[in-house]
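Here is a short note for your review. The points cover charge pairs, a charged patch and one backbone angle.

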Amino acid sequence: MYDLNKTERAEVEGMRDDLVGRFAYVAGLIAARIHAYPAWRLDFFDEHNVRIDLAAQVLAIAASAALLRDQRELLGEPPAGHLAKDDDVVGVYVEKARVLDSRADGLLRRVQAFAEYREVVDGVQKREDKRAWFDRVGAIDELEHAVDDVVNSSETDHLRGVAGNSAVLATLYLETLEPLTASLTVSESQKS
């Protein structure tokens, strides 16, 4: 994405504070969020011809918002004084204001559609995250672990059996050897 310089950042902040400029500001935020998704780099969007030009969308919305702002400034406040009493002037003002309001509504719908597109990209990202997770954990072979579990269980039983036999033999051996050692020690000392 594009990094803004100091002047551009100030302009963007000014858009955020301007009622009409918010259209461009929000469009920029949406584009930045879409661009931040790793899934945005997938070939999916190109293969299915559903990738949009984020910069072109933001520029078009910003240009439309700027023109709308300029036109509203041109229209100005409702007629005052003797002009407020002139039906022709009031009628033209009301019609022009209605046209500008309609254009603002259309611009709002475009920004909303752009936000809906971001939700679609978010959904693609979630599906991609899920697919990647399944790919990663798919490397865990349940059969291999089941076989290993049976081998470990069998080896555990074998080790416990050997340990039990060793304990019994050690007890018997040591109990038999101790009196024999004692009697040999006594006999050896009597010979001396």
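Is Glu128 buried or partly exposed? The model is predicted, and point 1 takes up the question.

1. Glu128. This residue counts as partly exposed, because its relative accessibility is 21% and the cut-off for buried is under 20%. Glu128 forms a salt bridge with Arg131, with the closest N and O atoms 2.4 Å apart. Arg131 is partly exposed too, at 40% relative accessibility. The two sit three residues apart in helix H5, so about one helical turn separates them.

2. The network. The pairing of Glu128 and Arg131 does not stand alone: Asp135 joins them in a network of salt bridges. The structure holds seven salt bridges. Side chains of opposite charge can pair when their charged atoms come close.

3. Asp122 and Lys126. These side chains also meet in a salt bridge, at 3.0 Å from N to O. Both lie in helix H5, which spans residues 87–137. They are four residues apart, so the separation is about one helical turn. What is the exposure of each partner? Asp122 counts as buried, at 18% relative accessibility. Lys126 is exposed, with a relative accessible area of 54%.

4. Asp46 and Arg51. Here the closest N and O atoms of the salt bridge are 2.8 Å apart. Asp46 is partly exposed, at 46% relative accessible area. Arg51 is partly exposed as well, at 27%.

5. Asn49. Which residue other than glycine has a positive phi near 55°? That is Asn49. Most residues other than glycine have a negative phi. Asn49 is found in the loop between helix H3 (44–47) and helix H4 (54–75). The residue counts as exposed, because its relative accessibility is 70% and the cut-off for exposed is over 50%. Please look at its backbone in the view above.

6. The negative patch. Which residues gather in a patch of negative charge on the surface? They are Asp141, Glu142, Glu144, Asp148 and Asp149. Glu142 has its place in helix H6, which runs over residues 142–191. Glu142 is exposed, with a relative accessible area of 63%.

7. Points to check in the view. Start with the network of Glu128, Arg131 and Asp135. Then compare Asp122, which is buried, with its exposed partner Lys126. Finish at the surface patch, where Glu142 is one of the negative residues.

Conventions: Residues numbered from 1 in each chain as written. Predicted model: local features only at pLDDT ≥ 70, side-chain atom pairs only at ≥ 80, totals over all residues. Heavy atoms only, no water. Patch = residues over 30% accessible without salt bridge, like charges linked within 9 Å, V, L, I, M, F, W, Y side chains within 5 Å. Areas by Shrake-Rupley, 256 points an atom, 1.4 Å probe, with all protein chains shown as cover. Salt bridge = Lys/Arg side-chain N within 4 Å of Asp/Glu carboxyl O. Lys, Arg positive; Asp, Glu negative; His and termini not counted. Charge placed at Lys NZ, Arg CZ, Asp CG, Glu CD. Buried < 20%, exposed > 50% of the residue type's maximum accessible area, 1.4 Å probe, protein only.
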